[in-house]
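Visitor: Please take a close look at one single part of this model. I would like one connected account of that part.

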Amino acid sequence: MRGRVYRLKLHKADREVERSLSFALHSAFEAVPFWRERLGGLHRFPESLSEWPITTKEELVAAGVAARTHRQVNPRRCARTSTSGFSGMPVTVLLSRAEAAFRKLVLLRTLRRYAPLTLPLRIVDVGPMVPHADRPLEQRLGLVSIHRLPGDLPLGRQVAALASSRPQLLEGYPTCLGLLAEALREGQPSMIRPRLVVCRGEALHEKVRRLLAEVFDAPIANLYSCEEVGNLAWECPRAPGRFHINRDACLIEAVDDGGRPVHGTVGRLLVTSLYGRTMPFIRLELGDRGALIGTPNDRCGCGERGPFLVELSGKDDDDVILADGRHLSPRILTNAVFNALRSPRAAHDISQAVHRYQIVQVAPDRVEVAIVWNGEPDAAIAGRIVREIERSAPDLHSVCRSVAAVRLLPSGKFKKVIRTFRPQRRTPS
């Protein structure tokens, strides 16, 4: 099937997108137990994507890694990544080596829309979860060097490391980048001049965008991504608020609360991978909302074709505010919980004991981790979570408590980190 070749091709034409999708659907139907079971009630192969059921992360977690993996794949030869995203549900993702390489090429092509990046490339990553022990081929060959600054590293040390690295590309969570930029603004911001600042993993608020542009004097790339598929869309440099869908990697749908497609109005966002054969993701609900506008015949001022993604919302946790008024990125706490769930022997093996979690800051010096367990509560894991949070944020005392369900906002949205108290305003002395 020609789609086998096209799925790992950049610059896909419309016909190649259609063939890649057809290959992805047939492959999932024929050789992935999860999808065979989900489609068991259909008497024929569902050719149209809209005939396939919407998938939730809860269903993926319940199925397990083996059921979601292609029968002909040897998991030991796969690249492995993991995420709890903004759903608070730990998910493991497998990719073939070719799929992992393609995913990086897609990202590089996206970033070059903002700035003329060339190899070798020096990157500083701000706010990652854990140190990465393995070094991919591009790093071993010296084509890319990455210096990672964990979010719980003191800001002074982050500034010093950034100054010594002098990256061409600075990337990370907006909340972590914003705190770093504030520290630089108070010092000597002129010493750091990357070619591009990349925001990913969280909503980028306008105040933070302006701060990053002021301090680093560089283009700001705002990416919409998920760990299951990679880069889904990127914000147009000429039209803020308009995202261009990465047609080489995925298709995005918007549906209403009944699962019916909508166009021009805000709906629930679904993604389908065009390249993932190892572990197909089809009509995966992202937990975000947005609207699709325009048609393939419409052109943006930058030259990209429609449809376009607008009014994107989601991935927006509360800041953590300490008693002395300091702000912490919520990623420090979510990374701590996720690190506690990792196997000490393999960083991408995630404990299945936790079904879902939510971090609630109930006071300036206290957080509670609400956990929905798969089965009985695990005291050892709860203890690791407490220790990781208190190591990463020594000013916070933390406890774990078992719950039947996590808390939703009045709008029905979910935040992985919420603050339930109102910080006191400081009055001048």
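Guide: A helix and its two sides

The buried residues of helix 7, which spans residues 155-165, are Gln158, Val159, Ala161, Leu162 and Ser165. Buried means under 20% relative accessible area, exposed means over 50%, and partly exposed lies in between, with a 1.4 Å probe and protein chains only. These buried residues lie on the same side of helix 7, because they cover an arc of only 165° around the axis. The arc is that of the directions from the helix axis to the C-beta atoms. Helices (H or I, at least four residues) and strands (E, at least two) are DSSP runs, numbered from the N terminus.

This is a predicted model, in which local features need pLDDT of at least 70, side-chain atom pairs count only at pLDDT 80 or more, and totals for chains, interfaces and linings use all residues. Residues are numbered from 1 along each chain as its sequence is written, and side-chain values use heavy atoms, with hydrogens and water left out.

Several elements cover the buried residues of helix 7. Among the strands in this cover are strand 3 (121-126), strand 4 (144-149) and strand 5 (169-172). The cover also includes helix 8 (174-186) and helix 9 (206-216). Contact here means heavy atoms within 4.5 Å.

The other face of helix 7, turned away from its buried side, carries Gly156, Arg157 and Ser164, which are exposed. Just after helix 7 comes Arg166, with a positive phi of about 45°.

For a residue elsewhere, take Lys415, in the loop between strand 18 (397-402) and strand 19 (417-419). Lys415 counts as buried because its relative accessibility is 19%.
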